[in-house]
Protein chains: 4
Amino acid sequence: MADPKQVAVVGASGFAGALAAAIVARHPSLELAAVTARSEAGKRLDELYPRHRVSLELEQFDADRIAERAGSAIVGYPHGASAPIVAALRERSLKVCDLSADFRLELGRYERVYGDHAAPDLLGEAVYGLTERHRDAIAAADLVAVPGCYPTAAILALAPLMEVATDIVVDAKSGVSGAGRAATETTHFVAVDENVKPYGVEGHRHRAELDEQLGADPPITFTPHLLPLDQGLLASCYVTPRSELSAAEVRELFAEAYAGEPFVELADTPPGVGDVRETNRCRIHATVEPATGRVLAFAAIDNLWKGAAGQAVQDLNLMLGLPETEGL
Amino acid sequence: MADPKQVAVVGASGFAGALAAAIVARHPSLELAAVTARSEAGKRLDELYPRHRVSLELEQFDADRIAERAGSAIVGYPHGASAPIVAALRERSLKVCDLSADFRLELGRYERVYGDHAAPDLLGEAVYGLTERHRDAIAAADLVAVPGCYPTAAILALAPLMEVATDIVVDAKSGVSGAGRAATETTHFVAVDENVKPYGVEGHRHRAELDEQLGADPPITFTPHLLPLDQGLLASCYVTPRSELSAAEVRELFAEAYAGEPFVELADTPPGVGDVRETNRCRIHATVEPATGRVLAFAAIDNLWKGAAGQAVQDLNLMLGLPETEGL
Amino acid sequence: MADPKQVAVVGASGFAGALAAAIVARHPSLELAAVTARSEAGKRLDELYPRHRVSLELEQFDADRIAERAGSAIVGYPHGASAPIVAALRERSLKVCDLSADFRLELGRYERVYGDHAAPDLLGEAVYGLTERHRDAIAAADLVAVPGCYPTAAILALAPLMEVATDIVVDAKSGVSGAGRAATETTHFVAVDENVKPYGVEGHRHRAELDEQLGADPPITFTPHLLPLDQGLLASCYVTPRSELSAAEVRELFAEAYAGEPFVELADTPPGVGDVRETNRCRIHATVEPATGRVLAFAAIDNLWKGAAGQAVQDLNLMLGLPETEGL
Amino acid sequence: MADPKQVAVVGASGFAGALAAAIVARHPSLELAAVTARSEAGKRLDELYPRHRVSLELEQFDADRIAERAGSAIVGYPHGASAPIVAALRERSLKVCDLSADFRLELGRYERVYGDHAAPDLLGEAVYGLTERHRDAIAAADLVAVPGCYPTAAILALAPLMEVATDIVVDAKSGVSGAGRAATETTHFVAVDENVKPYGVEGHRHRAELDEQLGADPPITFTPHLLPLDQGLLASCYVTPRSELSAAEVRELFAEAYAGEPFVELADTPPGVGDVRETNRCRIHATVEPATGRVLAFAAIDNLWKGAAGQAVQDLNLMLGLPETEGL
């Protein structure tokens, strides 16, 4: 069997997959063994992404051929399409980090949101890959479901507050790379430029991850907005506390929750997504609004890094016993 | 005394003042009598704003010389600096629309937020210039305080819901023109581009207008964010209703509140600020989040139009007995 | 036969067609009789373009039904697809402004660049719709070929210099709306944002228009670049003069060429595309580079206005005997 | 004397200085010994640039205190202000890479463009730091003048063509970070957004570097443009060849000139600045325009990396005998 440090990126033509391939290629302890893509096979990855400088040729996916060369895989397929790929890789004993939603939810919740699941038997072994909350389980796992970009920021902003929260509103804002590489009316430059717009207001799929990870009590209002920028995601969280809290008490909750975390950065002032661009960090500022006593928590990430590919490599580092921050 | 249809724009070198001058210059019933500016006097306005094509020369402000030629004025000075200018113009009987905060609040609230007031005697005659709420008073007024950009969007989104609201969060997003023409670290292209950031989280001045206009019960959480775009403002409002409301009931509240309003546009889908760019309209979508029952109301405006200069001309139309939509 | 002031916009779902419909709808002397679209028929135009506020329903194109209601048409189809539509409308005696390339070139040149022509018999009656050069012919025409966006800016910048030029380089820069409404890899926000890139370097189709209008001597180097902005086009033209010219002499050439032109604006400093955004103007600055004696001429337009829909209405005004600037 | 691998960044609060500090801080063989700034002293660098994560405190410049701790320096002062700082550091035997223009030109040319020189005696020892042209001299130098951003891209695009060129036009386009961190009318977001504009058309200072490095025959037309993006610079070069050249011959000239160059990337298609964002590479595409025989050469760099801070570290690597690509 191939060495787990030989990593395949399956579905490497999308934004997150391509970045995962680039991070693996530069990683001191990992080697990029193969990259695959459905419709772009035959091209070199650096024809699609000159900036990443990964000159491997994209292959058609073939589980056996991948398993010969790679002991681990990062899978960058859309939800639904991902589960069978993951199943094929797990059958061949590869360790897998899956960027899709297919292994993030319990079966019932998945079916309500996404429909039928192609590999429900694997749900039992899948671990939700938010390192700050499931580090030990990730280190022991063979299959990790990399969190969605919105849940990553929102959960990191909300987790320290869940015990004191009676009401939660998450107003989230994302750059366009989060919408994927498909050219659509929504991702056309002219539709996004000089614009900002809420979407999915009647129910965005990422809400299910918030419920699964944080519980449904109190229920969480969640509204995403599309912004005229490339990479970056901000979750602005408004939390009504059970009883009055001072700003110092709020800061203390976060300081305790994230002591020693290498990729969580607590800031004295509100974060901008530019502060974490092209990094794997989540920058958080939490305080109390004097006029209302409401707790405000703002978390900024790069949606392609901590919200996808960077988090995947962080997970893989843990799964392979490497230093968690290596290559990031 | 000069004809009130002869309009001076006092403080025309800022973004809102310059746009007000351009709208007046093209207005079929108004004439642009004079434009003034403190530091740019001597230049033609179209040297600063070629696109507006207003070739009048900027003068130093002189109340007597203005009063000889103009019977109305739109004042574009910063708060604090505006009140004495307005007082000088009112002494000379000009009708005034003031773009600053100086006449938007009752004295006590003003002093708590902005400090001393230079013309408190005029507060009694000032009317808050949100036409959709104070149309008759504006029509009878000689001094109108044009609302702030954030309050304009937030109040229009919230007003129909105030009777049913028990809790309110306003997450607002604005383009950079709202920060004014001064070149600062905050308005530098590199600081804004590819970024989004909350600011004023411990208390933005516009909150006082929300309190003054909507009442302090329930208290309103208000957080503005700066976006990488030029003109446009979105208020995303999250309202907990006293009792369960259907989406249809919410739509009905808005349909009643804004029946016949020429500049309020109720939409079936969430508005983008691009939908109202360079117009005086406020586009609103209100619905109910199925998972929580929370009422969501989104209002998009162009901060320089309905949020400043366009609103000022709408007010002036009413004050002069002209059709409310003329020139807009 | 329908009144020529009743105008149909055929192919109104693209950026230029939709803007043409909006300009016609607001035009004091024209009436928007019908709007058509191939794939979006059945929708109201303001569902696609809320900002334009044109609530007409898009129809499938049917020449007879259009001819019943409209005496003129602006056609917004792609090249190749446009010629048969124009032929059908001309058969029914409508006056036509065509936004495509189909009637801009003589037959041989068209075939070399675009392939077969579907209505070559109409080429004889077609007039190139650059008003500043062909005003009288346009006024007498029934079929006008609206110039391409790049040629509009380049020709206006170069025409006054052709007699003195021995060498010409045009480095042109356009916003993304010029690439049309189709969602492609090229128009994806992530491909354009924070980027600038030359394209068509081995031969862009618009070069043929430059040759046709300006002659092939001297040959013109022409390279377009795609910019991260929505609307706006700048042609930077570098012209080697036959003999030494002073900056004053160059300015004089332009002043003579464009005396009295309502939409050409000669500026003392280099134009930005922001100076003409959402206007039908072309703003030009011409000077001489001291170090080399080279003549520099910069022309900025809004590619959707003077580069397409605005120019079409300017042409239509002339064709219908209306004031050239009406509605613009 | 301090170890030359102990590096001070003097003037670290500007964009290029701050990036230089960040690159040095992450460099495997260098250590960031000190950072200084004139007006921001006392702040930590990561307060100004959270993304760079350099937590050193900015000091007031004091040559003696720097010399105690650092054996090399990268100087990020404006031209004019830089020369005395460099002189003070050279007196104390530090190796210096200067980001300003102060040591890029021979004295006469400097005085004509910038005025008096504060340390003319040092000009003799200064080497122009474009590694691809002066590698050996840089390796032996104690004082390197890091090239300007425009000359870097233009010289790399033009150098292989100088022997065959009879006429040269350089149309250059830069993001706003090239204009520096000062908040001015020019760098205000609203001035840049949705705009593109030529500037310095009567003579930009960087032309002098082109003349100095490439010779004045043929004279070079050079026009910079400001683009609505943060980091990135494209030089579009139009070169008339002495005699006809094929595209293959042009490619061969570049292949020879840049064989083995680690940071020059020859591409088969036109480069975008996004292809090199946040890298030290220069990506070049050169070809021949079929219609005219003109040679087209496009060079894209990140103006803060290869155009400033990255190039400085590349120079420093050579000066210290380290691998040229280390840390980049």
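Which residue of chain A forms a salt bridge with C:Glu185? I looked this up at the start and found A:Arg181, with the closest N and O atoms 4.0 Å apart; a salt bridge here is a side-chain nitrogen of Lys or Arg within 4 Å of a carboxyl oxygen of Asp or Glu.

Before going on, I note that this is a predicted model, in which local features need pLDDT of at least 70, side-chain atom pairs count only at pLDDT 80 or more, and totals for chains, interfaces and linings use all residues. Residues are numbered from 1 along each chain as its sequence is written, chains are lettered from A and ligands numbered from 1 in the order in which they are written, and side-chain values use heavy atoms, with hydrogens and water left out.

**Chain A and chain C**

I stayed with this interface and found that the rule gives one salt bridge across it, together with six residue pairs in polar contact, both at pLDDT 80 or more. A polar contact is a pair of N or O atoms within 3.5 Å; within protein, one must be able to donate a hydrogen and the other to accept it, and residues adjacent in sequence count only if both atoms are side-chain atoms. On the side of chain A that touches chain C, I see that helix H8 (residues 189-192) of chain A gives the most, with three residues; helices are DSSP runs of H or I with at least four residues, and strands are runs of E with at least two, numbered from the N terminus.

I then checked contact, meaning heavy atoms within 4.5 Å, and found 18 residues of chain A in contact with 18 residues of chain C. The area buried between these chains is about 1,500 Å², of which carbon and sulfur atoms give 69%; buried area is the accessible area (1.4 Å probe) that two parts lose on being put together, summed over both. A:His188, A:Phe189 and A:Val190 supply 43% of the area that chain A buries against chain C, more than any other three residues.

**Chain B and chain A**

Here I found 42 residues of chain B in contact with 42 residues of chain A, and about 3,500 Å² of buried area, with carbon and sulfur atoms giving 57% of it. B:Glu194, B:Val196 and B:Val201 supply 16% of what chain B buries against chain A, more than any other three residues.

The rule finds eight salt bridges across this interface, and I looked at one between the side chains of A:Arg207 and B:Glu289 (2.3 Å, N to O). I also noted 34 residue pairs in polar contact between chain B and chain A.
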